[in-house]
Amino acid sequence: MHPKLPRSRRLAAKSAGHVQLHDLFFPAHTHPWTSGVITRSTRCFPSLATASIPLFIWPQPVSLPLEAPRRLTAFDYYSFSSPFLYASNSPNPPIMPMLKDPSVKYKKFTPLKLDDRQWPSKTIDKPPRWLSTDLRDGNQSLVDPMDSNQKWEYFLKLVQLGYKEIEVSFPSASQTDFDFTRRLVETSGVVPDDVWLQVLSPCRKELIRRTVDSLKGAKKAILHLYLATSPCFQQIVFNMNNAETKALAVECTRYARSITKDDPEQAATEWAYEFSPETFSDSSPEFAVEVCEAVKAAWEPTVDNPIIFNLPATVEMSTPNVYADQIEYFCRNISEREKIAVSLHPHNDRGCAVAAAELAQMAGADRVEGTLFGNGERTGNVDLVTLALNLYTQGIHPQIDFSDLKSVIDLVESCNKIPVHPRAPYGGQLVVCAFSGSHQDAIKKGFQTRKRLGYTSESPWQVPYLPLDPQDIGRTYEAIIRVNSQSGKGGVAWIIQRQLDLDLPRGLQVAFSRIVQRETDMLGRELLPTEITKLFEEAYHLKRNPRFSLIDYDITADRSKSPAPPEPGKTASNRYLKRLFKGVIEIDGIEHEIAGTGNGAISALADALKRLGIDLDVADYKEHAMGGSANVRAATYIECTAAGSNQRVWGVGIHEDVVQASLIALLSAASSFLSSRPSTPIPFRPKRSNTLDVPSLESSPTSATNPAQPHANGDNKNAAGHGDQKKKSLVERLEESLGVNGGAGGN
Ligand SMILES: [Zn+2]
């Protein structure tokens, strides 16, 4: 299946019976956990060297039938990748109950005592100096680290986003990292003049030497050394005491200085120095200050080129306020504060890295190290996207450009091979979506309010449930409201408004959302905006009316009744005359000439339809303008009731001419009305047609008690003129208030 896949990882051969798993292949274009195959060892099965076999489900590695490769899961991948995880993914781990008293095993973190802390009343008023460590801390935590080209692409993106300090590698740990650093330095035009390349090295002279060598010729370089200062690490990992730790830090700083800023051969490079008392948050605050004082004295920073003291929460161990206390303590107790940049490096073990970074900035820190979307060891480094956009939504520009957040997500996912969580703050696929009806309704109202107030994209933001204007990070409004069976009328109306520029009246929202609900229930899934739009166009015959279409018409004043005599010298007013509709409509493909009278255009057409046996009464009418001034059209919504029944249908009409829009809407309703009546024979046959001899008002039918049996005799009274007072006044009221009783139509 994948005979020519690029090899991304060579496994130490693991014995599986007489078969040795030798190489693990992954297709380059997919995430490693989505697919993959293993080939058998060529030594064992030379004839099967290129055959792919399914990845076995550890821990049952013995049987490896030659079947079609199956999809890999994350579990498979991690099982293969690390002996440590391999061991921890034991097949039948004994299940230990959680301890009844966990205090026996886990000690409460002892916070330092800082009673006069100042940070709780501070605010964050400017962005920090940002340091992206995606290519170092992030990369070293990946199952499958980035190759040189991926790091390259990633670096370019970081520069484009606006990062000025980028930790690019751990050169002494891998040739790939060393070569990558050289490539950056040696390729002219790639590293802008104002961007610092940062590299990390442990406190060992030969490694520092190699690290510095990787940067030779760089314009701006930050050498970053680290040394653990916590008792846990000193004792368990390094077997060193405080004095030895401090002496080593000083010695390595002196050495670093001698081969960087004090070395005449390095004069082409502007050198800065960063020192991290690793595990700072688990160290004695006094000792952290003591070590940093000694390191500072060894480096001799200036105000213009301050030393960076990076104070990591290597493992997050306490509530974020405790970290803030530790940072405030450090800032207040270190000398020559103006020659120091205090940097944060929070990890997210307790899920509070963002909070820790924010509180610690309030406590005085100047700089934050993190990664895009929080990749990093274990639960990750602090997420730079969240931090930056948290500032943005407080009105502070982070100086990082996330206008096109999707491109950032695409890059991060393809390089890290870890998906961004759908609910990750700001970037997650679902975070600007609303499924629930009440949320959709509120959001829709929020946008309508903005429109009504004439707001622009820069106007103050206040929309329910949306802390950020999705457009500011390159997300479209269409994606905000998603419609599934949980959704209500508001969401559906929103989609129609966005897609068709139609502002549906409430009653129509309710009616149409029932149609949508039926569809989502039937399909058992979410409906796409395009599907909802299509459903609407079909339900209300917007594209094509299958039953009725208006071919031609004329609306005139009905002069069969004399108007009041004019005053001498004045034109006779037709103000109180009824309107006469004459026209041709096509019903099921056959043209019919019809005529009717009424107080206005709609009631005149309704009257004409009535004579065909379609007895509808207008119950509600709404209209609004669509489009800009150059291309303005009218959208008309008419709700009709069938005479003598509770059945209600909506019709929608759109036209440049408001009168014609309303006539189309009435025909749309008539079509739905006929289609929705099971008793209506299809095709509908009008009782009368081609009757251009307009009957007198008295000859119109009045009330159809049974709409399925249309009246055609001309003996009834005109509904609009002398019929049911309640019906008449409604149509009349609507037409008068809306000015639809217009003159000549058909333009
Ligand atoms: Zn870290």
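I take two strands as paired if DSSP finds at least two bridges between them. With that in hand I looked up Ser343 and found its bridge partner in β12 to be Arg367. The model is a predicted one.

**Entry: overall counts**

I began with the protein chain as a whole. I noted 21 helices and 18 strands. The chain has 747 residues, and 41% of them count as buried. I then turned to contacts with a separation of 6 or more. Residues 24 or more positions apart supply 64% of these.

**Entry: the barrel**

Next I traced the strand order. Eight strands, β5-β6-β7-β8-β9-β10-β11-β12, make a closed barrel with parallel pairing. From one strand to the next I get an average twist of 25 degrees. I also checked a helix against this sheet. Helix α6, residues 205-214, packs on it and touches β7 (196-202) and β8 (220-228). The direction of α6 makes about 165 degrees with that of β7.

I went back to β12 and asked which strands pair with it. Strand β11 (residues 340-346) pairs with β12 (residues 367-370) in the parallel sense, over two bridges. Leu344 has Val368 as its bridge partner in β12. Ser343 has Arg367, as I noted at the start. Strand β5 (residues 129-132) also runs parallel to β12, and four bridges join them. There I found Arg129 opposite Arg367.

Are the two faces of β12 covered or open? I found both covered. Arg367 and Glu369 lie on one side, Val368 and Gly370 on the other, and all are buried.

**Entry: helix α10**

I looked at α10 next, residues 320-333. Its 14 residues reach 20 Å from first C-alpha to last, close to the 20 Å expected at 1.5 Å a residue. How many of its residues are buried? I have ten of the 14, so α10 is largely enclosed by the rest of the structure. I listed the buried set: Pro320, Tyr323, Ala324, Asp325, Gln326, Ile327, Glu328, Tyr329, Phe330 and Cys331. Then I looked up what these residues pack against. The partners are α9 (285-299), β10 (307-313), β11 and α11 (353-362).

**Entry: helices α14, α15 and α17**

I ran the span check on α14, residues 437-452. It has 16 residues and reaches 22 Å from first C-alpha to last, close to the 22 Å expected at 1.5 Å a residue. In α14 I found His439, Gln440, Asp441, Ile443 and Lys444 buried. The buried residues of α14 pack against α15. Just after α14 I noted Gly454, with a positive phi of about 70 degrees.

From α15 I moved to α17. The axes of α15 (residues 489-500) and α17 (residues 529-539) come within 9 Å and cross at roughly 85 degrees. That crossing makes α15 roughly perpendicular to α17. Which residues meet here? From α15 I wrote down Val492, Ile495, Ile496, Gln499 and Leu500. From α17 I have Pro529, Ile532, Thr533 and Phe536. The residues of this contact divide into seven nonpolar, two polar and no charged.

**Entry: the open sheet**

I then took up the sheet β13-β14-β15. Its three strands form an open sheet in that order, with antiparallel pairing. Which strands stand at the edges? I found β13 (548-557) and β15 (590-598) there, each with a single partner strand, so one side of each is left without a neighbour in the sheet. The twist averages 15 degrees from one strand to the next.

I counted bridges for one pair. Strand β14 (residues 579-587) and β15 pair in the antiparallel sense over nine bridges. Glu586 has Glu591 as its bridge partner in β15. Helix α18 (residues 601-612) packs on this sheet and touches β13, β14 and β15. Its direction makes about 125 degrees with that of β15.

**Entry: Val659**

My last look-up was Val659. I located Val659 in helix α19, residues 658-676. Why does Val659 count as buried? I have 26 C-beta neighbours for Val659 inside 10 Å, so it counts as buried; the cut-off is 20 or more. I also checked Val659 against Gly600. They are 59 residues apart in sequence and 9.7 Å apart in space, C-alpha to C-alpha.

Definitions and conventions: Residues are numbered from 1 along each chain as its sequence is written. This is a predicted model: local features need pLDDT of at least 70, side-chain atom pairs count only at pLDDT 80 or more; totals for chains, interfaces and linings use all residues. A residue is buried if 20 or more other C-beta atoms lie within 10 Å of its own, exposed if 12 or fewer, and partly exposed in between; C-beta atoms are placed from the backbone. Two residues are in contact if their C-beta atoms, placed from the backbone, lie within 7 Å. Axes are lines fitted to C-alpha atoms, for helices over the stretch in contact, and angles run from 0 to 180 degrees between N-to-C directions. Angles under 35 degrees count as roughly parallel, over 145 as roughly antiparallel, 65 to 115 as roughly perpendicular and the rest as oblique. Ala, Val, Leu, Ile, Met, Phe, Trp, Tyr, Cys and Pro count as nonpolar, Asp, Glu, Lys and Arg as charged, and the others, Gly among them, as polar. The expected span of a helix is 1.5 Å times one less than its number of residues.
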